[in-house]
Amino acid sequence: MNGTCIQKDPMNDLIQDILSTDYLVLVSPMYYFGLSAQLKAVIDRFYSHTSKITNRHLKVIYIVAAMSDDDRDWAAIEKHLDTLTDYMQFNEVDRIMAKGAGEVYMIDKKYLEKAYKIGAELK
Ligand SMILES: Cc1cc2nc3c(=O)[nH]c(=O)nc-3n(C[C@H](O)[C@H](O)[C@H](O)COP(=O)(O)O)c2cc1C
């Protein structure tokens, strides 16, 4: 949990970037009521650097989009992000859960405005 990853690939460079940034923006579509495998694969690579990452208390913004606007479908992701935030000692800035956003044209303007506002307020 606090060493060197045995995987030798470009993710090691990305981890160095994560360790030298203040902000992390984690973005995913909802796939079968969870995060995408692509984002999960990135999060899984935090493992061998956990202490270094937790010590940074990174400011995190989550953005997830999906077709569903039923809160029951979003419950697992909301809980996952809560638990991840606690475990990784992230400092959550905000989260955008873009509901009813199955295609780009369906995205409610309020989510785009919220993303703009979050970006404009970053220090
Ligand atoms: C494999 C897969 C699983 C999906 N699962 C869900 C789901 O559980 N709930 C939902 O509302 N939408 C689901 N969708 C719809 C996507 O969340 C939505 O269309 C998303 O914006 C697609 O993003 P993408 O084009 O980057 O894959 C799924 C789409 C795919 C391709």
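Author: A residue is near a molecule if its C-beta atom, placed from the backbone, lies within 6 Å of it. Keep that cut-off in mind for the ligand here, and note that this is a predicted model.

Reader: Which residues surround the ligand?

Author: They are P29, M30, Y31, Y32, F33, A65, A66, M67, S68, D73, A101 and G102. Strand β1, residues 23-31, gives the most to this shell, with three residues.

Reader: What makes the shell around the ligand polar, nonpolar or charged?

Author: It's a mix: nine residues are nonpolar, two are polar and one is charged. Asp counts as charged and Gly as polar, so D73 goes into the charged group and G102 into the polar one.

Reader: Why is M30 said to be part of a nonpolar core?

Author: A core like this is a set of buried residues of kinds such as Met, Ala and Tyr, joined through C-beta atoms within 7 Å. M30 belongs to the largest such set, together with Y62, V64, A65, A66, L81, A98 and A101. Strand β3, residues 59-65, supplies the largest share of this core, three residues. In soluble globular proteins, nonpolar side chains do tend to be buried together.

Reader: What does A98 touch, leaving out residues up to four places away in sequence?

Author: V64, A65, I107 and Y111. Contact here means C-beta atoms within 7 Å, so each of those four passes that cut-off with A98.

Reader: Why are β2 and β4 called edges?

Author: Start with the sheet, which is open and has four strands in the order β2-β1-β3-β4, with mixed pairing. β2 (34-35) and β4 (91-98) each have a single partner strand, so one side of each has no neighbour in the sheet.

Reader: How do you know that β1 and β2 pair?

Author: Pairing needs at least two bridges. β1 and β2 have two, in the antiparallel sense, so they make the cut. Across the pair, M30 stands opposite L35 in β2.

Reader: What makes Y32 exposed?

Author: Exposed means 12 or fewer other C-beta atoms within 10 Å. Y32 has 9, so it counts as exposed. You'll find Y32 in the loop between β1 and β2, and its phi is positive, about 45 degrees, although it is not a glycine. Most residues other than glycine have a negative phi.

Reader: And why is Q89 called partly exposed?

Author: Q89 has 14 other C-beta atoms within 10 Å. Buried takes 20 or more and exposed 12 or fewer, so Q89 falls in between. Q89 sits in the loop between α4 (71-87) and β4, with a positive phi of about 55 degrees although it is not a glycine.

Technical notes:
Residues are numbered from 1 along each chain as its sequence is written. This is a predicted model: local features need pLDDT of at least 70, side-chain atom pairs count only at pLDDT 80 or more; totals for chains, interfaces and linings use all residues. Two residues are in contact if their C-beta atoms, placed from the backbone, lie within 7 Å.
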